[in-house]
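Me: I should like to work through this structure step by step. Please show it, and then let us take one question at a time.

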Amino acid sequence: MAVAGRGRGDERDVLRRAGDASVLILTSLADGPKHGYALLLDIKEFSRLQMGPGTLYGALDRLEGLGLVEALPAEDRRHPYRITSAGAMALRDHLDSLERVSAVGRLRLGLGGV
Amino acid sequence: MTRPRQARLVHIAVRCYSPKWRERHADEATELAELLMRDGMSAVFIALSYLKAATRDRLVTRPKRRLGPTAAVLLIGATLVGVPLVLLDSFTAANAASSNESFVVVLSGHNAVGHLESVFRSHHFNIKVEGESSSPSQIGAVLAVKADGGEHGTLTVIRRSCAASVSGCIDALVVPLHYTGMAQVIVGCGPKPCEAALAPANAQGNRRLQPPVISVRGAFEH
């Protein structure tokens, strides 16, 4: 299937290609700064996914490079991370995009919605 | 696997990251691994997660960076008894300049000679492995490496400081993928004759590796 173009929402959705780990991390950071261990525990709690520590640091580096999270001064050996305003906006756009897909999927499955 | 050996496994994995990454994250990553192991997460799972991410860190996230010679990386955590043999999972680096291949190997102490022989043979390296009687703490450890330079690079030894040896203990062998030189690797053996510790041979005379064997492809700079 050819895709002729992308809608405005897709263009804004910078997390579209960032991977699931990035979305999970931003979601976790949405309610306040966390360091690596707290992030993994929180992600496991709300998503039931056990993210590997290597995946975590890889995604954090990517998100930091995109300016979507920032590292706070270290506490002992731990660096807490905070979502930036650009990160919050990117997460909101991505969740909007997921909601649209989710609504269509539920409708087509006869589960209601939209 | 005992706690020190779990920690050693994680330490080896973290050392596979670039120096820049280690400078920033190594302490925190090690502490995180300790906390996760305390919670019951497998040290092998943690180490594999770091090793895969380290390979990506070196290959994928720096598309403009020139890759060093393609190499086979053999990390020998020879004292990690209980982890028979781990070769990382394979994946393709989209921006790699050529076909890249690397291996991370963690050997069990009781059959290190057999495992190493099999790994070298399966990749057609002309590297001879010999056992040598050693103290219990060095059973399965690589005691020495003698290598002649080949046409396609040289075999490199990565050491870490340790109490057992003034010159340091060998953590890893970096073998260029197309290494053609001759080499000899001496591995510590227990009180039994080293040959007795080898895996049984099959009908074709090839020794069988003990499962699980997971393989990883990628490239490392060295």
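Me: What percentage of the 222 residues in chain B is made up of buried residues?
Reply: The model is a predicted one. A residue is buried if 20 or more other C-beta atoms lie within 10 Å of its own. Among the 222 residues of chain B, the buried share is 42%.

Me: What percentage of the residues of chain A counts as buried?
Reply: The cut-off of 20 or more other C-beta atoms within 10 Å applies here too. Chain A has 114 residues, and the part that counts as buried is 29%.

Me: In what pattern do the elements of chain B follow one another along the sequence?
Reply: Chain B contains four helices and eight strands. Read along the sequence, these elements give the pattern α-α-α-β-β-β-α-β-β-β-β-β.

Me: Which strands of chain B form the open sheet of three strands, and in what order?
Reply: Strands of a sheet pair through backbone hydrogen bonds, either parallel or antiparallel. Seven bridges join β4(B), residues 127–133, to β8(B), and these two strands run parallel. Strand β5(B), residues 142–147, pairs with β8(B) in the antiparallel sense over five bridges. The pairing in this open sheet is thus described as mixed, and the order is β4-β8-β5.

Me: Which are the edge strands of the sheet β4-β8-β5 in chain B?
Reply: In the order β4-β8-β5 of chain B, an edge strand pairs on one side only. Neighbouring strands of this sheet are turned by 20° against each other on average, direction ignored. The edge strands are β4 and β5 of chain B.

Me: What angle does the direction of helix α4 of chain B make with that of β4(B)?
Reply: Helix α4(B), residues 112–122, packs on the sheet and touches β4 and β8 of chain B. Its direction and that of β4(B) make an angle of about 175°.

Me: Which residue of β8(B) is the bridge partner of B:S133?
Reply: Bridges link β8(B) to residues of both β4(B) and β5(B). B:G131 stands opposite B:V187 in β8(B), while B:A147 has B:A183 as its bridge partner. For B:S133, the bridge partner is B:C189.

Me: Why is strand β8 of chain B described as largely enclosed by the rest of the structure?
Reply: Strand β8(B) covers residues 183–189, which makes seven residues. The strand is largely enclosed by the rest of the structure because the number of its residues that are buried is five.

Me: How far apart are the end C-alpha atoms of helix α4 of chain A?
Reply: Helix α4(A), residues 53–65, has 13 residues, and at 1.5 Å a residue it should span 18 Å. Its buried residues include A:P53, A:G54, A:L56 and A:L63. Just after this helix, A:G67 takes a positive phi of about 75°. The end C-alpha atoms of α4(A) agree with the expected span, lying apart by 18 Å.

Me: Which element of chain B has the lowest mean pLDDT?
Reply: The mean pLDDT of chain B is 65, and 53% of its residues reach 70 or more. Over residues 61–72 of chain B the pLDDT is below 50, and it stays under 50 over residues 74–102. Among the elements of chain B, helix α2, residues 19–38, has the highest mean, 92, and the lowest, 38, belongs to strand β2, residues 85–86.

Me: What ipTM does the predictor give the complex?
Reply: The predictor gives two values for the complex. The pTM is 0.55, and the ipTM is 0.80.

Technical notes: Residues are numbered from 1 along each chain as its sequence is written. Chains are lettered from A and ligands numbered from 1 in the order in which they are written. This is a predicted model: local features need pLDDT of at least 70, side-chain atom pairs count only at pLDDT 80 or more; totals for chains, interfaces and linings use all residues. A residue is buried if 20 or more other C-beta atoms lie within 10 Å of its own, exposed if 12 or fewer, and partly exposed in between; C-beta atoms are placed from the backbone. Two strands pair if DSSP finds at least two bridges between them. The expected span of a helix is 1.5 Å times one less than its number of residues. pLDDT is the predictor's confidence in each residue, from 0 to 100. Two residues are in contact if their C-beta atoms, placed from the backbone, lie within 7 Å. Axes are lines fitted to C-alpha atoms, for helices over the stretch in contact, and angles run from 0 to 180 degrees between N-to-C directions.
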